[in-house]
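Q: Could you take me through one part of this model in detail? I'd like to hear about a pocket and what sits around it.

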Amino acid sequence: MPINTGYFIKEAATSFKRNWVMSIGGIVTIFLSLLLIGVSLLIGSAANSLITGTESKVTIEVYIKDDANQTDVEGLQRKLQTNSLVKQVNYISKDQAMQIFKEQMKKSPDVINNLEGNPLPASLKIELHDAHDVNKVVDSIKAAPEFKKVCDRPDSPDSSLHYGQDIVQRLFNFTRVIRVVGVVFIVMLAVVSLIFINNTIRMAIYARRNELSIMRLVGASNWFIRMPFIFEGMIQSIIGALLAIGVIMLIQFVALPKIQNTIKFMSFGISNSFIWLISLILIAGGIVIGGLGSWLAMRRYLKI
């Protein structure tokens with residue numbers, strides 16, 4: 001027997017009108033939940049962009065003593081460049097290090113003027129493909145015999161390595177917590193939406209209990225009775241999702257540019273394509289939540 005989709009949609013619309021107070025309550029609840037989910041995804045994307053930008057700045061510096069054999073320095077540099085975890089290795093001479101320092105301290109010329117000669121050492125600056133591999137690369141540097149020959153503190157080689165050890169570990173711990181909390185929060189909001197849809201459909205079932213009993217007596221199948229409620233839950237969820245998408249579009253194209261202009265030193269990096277992806281996620285999520293919530297309500301409360 002073919003499924004009459006038009007009939008089910010019509011019945012869902014009739015039930016929507018008949019129980020419009022509960023239906024609007026369900027839509028508002030789904031709208032708020034999906035809006036929070038969408039905003040959470042936006043914030044997560046912005047935070048991930050900032051975190052990724054910060055992690056990309058994690059580098060390792062190997063300080064080299066002034067009388068180091070250049071052959072040993074080049075040997076260490078070549079060995080590091082062959083490491084698959086290493087993106088790039090740059091040699092920074094003493095003169096280059098001083099130029100960089102002067103650029104950084106140009107607003108404090110007294111510091112530069114009080115320097116005698118050039119106390120800064122040459123160094124190897126190591127960039128990584130993935131900042132999380134920093135400890136592995138550091139261990140490989142310590143194990144290299146060339147490192148102990150060229151480091152500026154042969155009595156304490158670890159002091160010749162600089163990569164913000166404590167800060168790096170705190171950064172990784174913080175980013176891990178932020179990502180876990182974001183996932184848990186989104187799951188919680190989805191469960192709340194599911195519960196409210198469940199309650200809305202349960203009230204609709206209760207209001208039509210006599211009509212459903214008659215349909216059952218005249219031979220209507222279980223799925224014939226259930227489908228309008230599933231469509232009703234999905235319609236409510238789609239309307240709530242569209243409202244949430246509208247607000248997210250306003251945030252993206254109206255609010256975020258103003259915030260970006262105010263906080264110019266931070267880049268949120270949220271593309272329009274990601275906004276459309278969020279829109280698809282909310283619509284698909286709304287359909288799943290609406291359909292699943294309705295199915296659970298009937299499974300539990302509709303005795304047929």
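**The second largest pocket and its surroundings**

A: Let's start with the walls: Thr59, Glu61, Tyr63, Ile92, Ala97, Ile100, Phe101, Gln104, Leu120, Pro121, Ser123 and Lys125 line the second largest pocket. Keep in mind that this is a predicted model. The space in there comes to about 300 Å³. Two or more lining residues come from each of β1, α4 (94–104) and β3, with α4 giving the most, at four residues.

Now follow those strands into the protein. β1 and β3 also give two or more residues each to the largest nonpolar core, as do α3, β2, α6 and α7. That core has 25 residues, and Ile60, Val62, Leu76, Ile126, Ile141 and Phe147 have the most contacts inside it. Take Ile126: leaving out residues up to four places away in sequence, it touches Thr59, Ile60, Val62, Leu80, Val86, Gln88, Val89, Val137 and Ile141. Thr59 is a pocket-lining residue too.

Then there's α3, which spans residues 70–81 and reaches 16 Å from first C-alpha to last, close to the 16 Å expected. Its buried residues are Val73, Gly75, Leu76, Gln77 and Leu80. An α-helix has 3.6 residues a turn, so residues three or four places apart point the same way. The cover over the buried residues of α3 includes β1 (59–64), β2 (86–92), β3 (122–128), α6 (134–143) and α7 (145–150). At the start of α3, a side-chain oxygen of Asn69 comes within 2.8 Å of the backbone nitrogen of Thr71.

How values were computed:
Residues are numbered from 1 along each chain as its sequence is written. This is a predicted model: local features need pLDDT of at least 70, side-chain atom pairs count only at pLDDT 80 or more; totals for chains, interfaces and linings use all residues. Side-chain values use heavy atoms; hydrogens and water are left out. The expected span of a helix is 1.5 Å times one less than its number of residues. Buried means under 20% relative accessible area, exposed over 50%, partly exposed in between (1.4 Å probe, protein chains only). Contact means heavy atoms within 4.5 Å. A polar contact is a pair of N or O atoms within 3.5 Å; within protein, one must be able to donate a hydrogen and the other to accept it, and residues adjacent in sequence count only if both atoms are side-chain atoms. A nonpolar core is a set of buried Ala, Val, Leu, Ile, Met, Phe, Trp, Tyr and Cys residues joined through side-chain atoms within 4.5 Å. On a 1 Å grid over the protein atoms alone, a cavity is a set of points where a 1.4 Å probe fits but cannot get out, and a pocket is an open set with protein on both sides within 12 Å along at least five of seven lines; lining residues have an atom within 4 Å of a point. Grid points are joined across faces, edges and corners, and a volume is the space filled by probe spheres set on the points.
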